[in-house]
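Me: I have a structure open and want to work through how its parts fit together. Can we take it in short questions and answers?

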Amino acid sequence: MNWTCKHTWKKSSVNTLWCLLGCSLGDFGTILYFQNIEHALSTWEVMTLAIMNGLITSILLETFILSKQMILKEAFKVAIGMSFISMIAMEASMNIIDFMLTGGAKLNWWIIPIMLFVGFITPLPYNYYRLKKWGYGCH
């Protein structure tokens with residue numbers, strides 16, 4: 001496989017950024033919500049909800065983007081089928097970093113850029129590989 005194609009790196013980077021936007025909206029929103037209310041949930045429960053909400057918001061965003069190119073039902077199928085592995089890798093990596101650096105389910109000014117960077121870099125090679133091998137992407 002040729003890993004030096006600038007066009008494919010650019011396209012896979014754009015696809016990964018869209019996925020990151022969707023994942024981080026749900027993930028960060030959930031963590032921020034639970035940071036600001038009193039609750040009895042454990043850190044693991046909050047992080048699990050954050051991951052699930054990140055996956056949901058990413059699927060919704062990608063479905064919306066793809067619905068401009070195809071019918072809604074097909075857009076949903078493509079969003080689930082083509083990028084779910086990327087979303088899971090992204091969510092897992094972001095939350096592992098959060099846990100390792102803050103103890104988990106804590107957002108502050110310095111952790112967010114680190115989480116976003118790791119969330120972007122983790123699925124990027126897979127997205128590049130997928131584009132090169134099959135000639136398609138999420139967006």
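Me: What is the handedness of the crossing of α2 and α3?
Reply: This is a predicted model. In it, the axes of α2 and α3 come within 8 Å and cross at roughly 145 degrees. The crossing of these two helices is right-handed.

Me: How many residues of each class are in the contact of α2 with α3?
Reply: The residues of this contact fall into three classes. Two are charged and five are polar. The nonpolar ones number 17.

Me: Is Glu-62 buried or exposed?
Reply: Glu-62 has its place in helix α2, which covers residues 43-66. Its relative accessible area is 0%. Buried means under 20%. So Glu-62 is buried.

Me: How far apart in space are Glu-62 and Val-78, C-alpha to C-alpha?
Reply: In sequence, Glu-62 and Val-78 are 16 residues apart. In space, C-alpha to C-alpha, the distance is 8.7 Å.

Me: How is α3 oriented to α5?
Reply: Helix α3 spans residues 72-102. Its axis and that of α5 come within 9 Å and cross at roughly 155 degrees. Angles over 145 degrees count as roughly antiparallel. That makes α3, relative to α5, roughly antiparallel.

Me: Which residues in α5 meet α3?
Reply: The crossing of α3 and α5 is right-handed. From α3 come Met-82, Ser-83, Ile-85 and Ser-86. By class, the contact has three nonpolar, three polar and one charged residues. On the α5 side are Tyr-126, Asn-127 and Arg-130.

Me: What orientation do α1 and α5 have to each other?
Reply: Helix α1 covers residues 6-35, and helix α5 covers residues 124-134. Their axes are 9 Å apart, and the packing angle is about 125 degrees. Roughly perpendicular stops at 115 degrees, and roughly antiparallel needs over 145. So α1 and α5 are oblique.

Me: Which residues in α5 meet α1?
Reply: The crossing of α1 and α5 is right-handed. On the α1 side, the contact uses Thr-8, Trp-9, Lys-11, Ser-12, Ser-13, Asn-15 and Thr-16. Counting both sides, five residues are nonpolar, six polar and two charged. The α5 side supplies Leu-124, Pro-125, Asn-127, Tyr-128, Leu-131 and Lys-132.

Me: Leaving aside neighbours within four places in sequence, what is Ser-13 in contact with?
Reply: Ser-13 is found in helix α1. With a relative accessible area of 18%, Ser-13 is buried. Beyond its sequence neighbours within four places, its contacts are Phe-120 and Leu-124.

Me: Are the rings of Trp-3 and Trp-9 stacked, edge-to-face or tilted?
Reply: A search of the whole structure finds five aromatic pairs. In the pair of Trp-3 and Trp-9, the ring centres are 6.1 Å apart and the planes lie at 40 degrees. Under 30 degrees counts as stacked and over 60 as edge-to-face. So this pair of Trp-3 and Trp-9 is tilted.

Me: And how do the rings of Trp-3 and Tyr-128 pair?
Reply: Their centres are 5.0 Å apart. Their planes are at 20 degrees, so the pair is stacked.

Me: How many residues apart in sequence are the parts that this pair ties together?
Reply: Trp-3 lies in the segment before α1. Tyr-128 lies in helix α5. So the pair ties together parts whose separation in sequence is 125 residues.

Me: Which residue forms one aromatic cluster with Trp-3 and Trp-9?
Reply: Trp-3 is partly exposed, at 41% relative accessible area. Trp-9 is also partly exposed, at 26%. The residue that joins them in the cluster is buried, at 0%. It is Tyr-128.

Me: How far apart in space are Trp-134 and Lys-6, C-alpha to C-alpha?
Reply: Trp-134 lies in helix α5. Its relative accessible area is 45%, so Trp-134 is partly exposed. Trp-134 and Lys-6 are 128 residues apart in sequence. In space, C-alpha to C-alpha, the distance is 17 Å.

Me: What is the phi of Ala-105?
Reply: Ala-105 is found in the loop between α3 and α4. Its relative accessible area is 13%, so Ala-105 is buried. Ala-105 is not a glycine, yet its phi is positive, at about 55 degrees.

Key:
Residues are numbered from 1 along each chain as its sequence is written. This is a predicted model: local features need pLDDT of at least 70, side-chain atom pairs count only at pLDDT 80 or more; totals for chains, interfaces and linings use all residues. Side-chain values use heavy atoms; hydrogens and water are left out. Axes are lines fitted to C-alpha atoms, for helices over the stretch in contact, and angles run from 0 to 180 degrees between N-to-C directions. Helices (H or I, at least four residues) and strands (E, at least two) are DSSP runs, numbered from the N terminus. Angles under 35 degrees count as roughly parallel, over 145 as roughly antiparallel, 65 to 115 as roughly perpendicular and the rest as oblique. A crossing is left-handed if the near helix is turned anticlockwise from the far one by less than a right angle, and right-handed if clockwise. Contact means heavy atoms within 4.5 Å. Ala, Val, Leu, Ile, Met, Phe, Trp, Tyr, Cys and Pro count as nonpolar, Asp, Glu, Lys and Arg as charged, and the others, Gly among them, as polar. Rings of Phe, Tyr and Trp (its six-membered ring) pair if their centres lie within 6.5 Å; planes under 30 degrees apart count as stacked, over 60 as edge-to-face and the rest as tilted. Buried means under 20% relative accessible area, exposed over 50%, partly exposed in between (1.4 Å probe, protein chains only).
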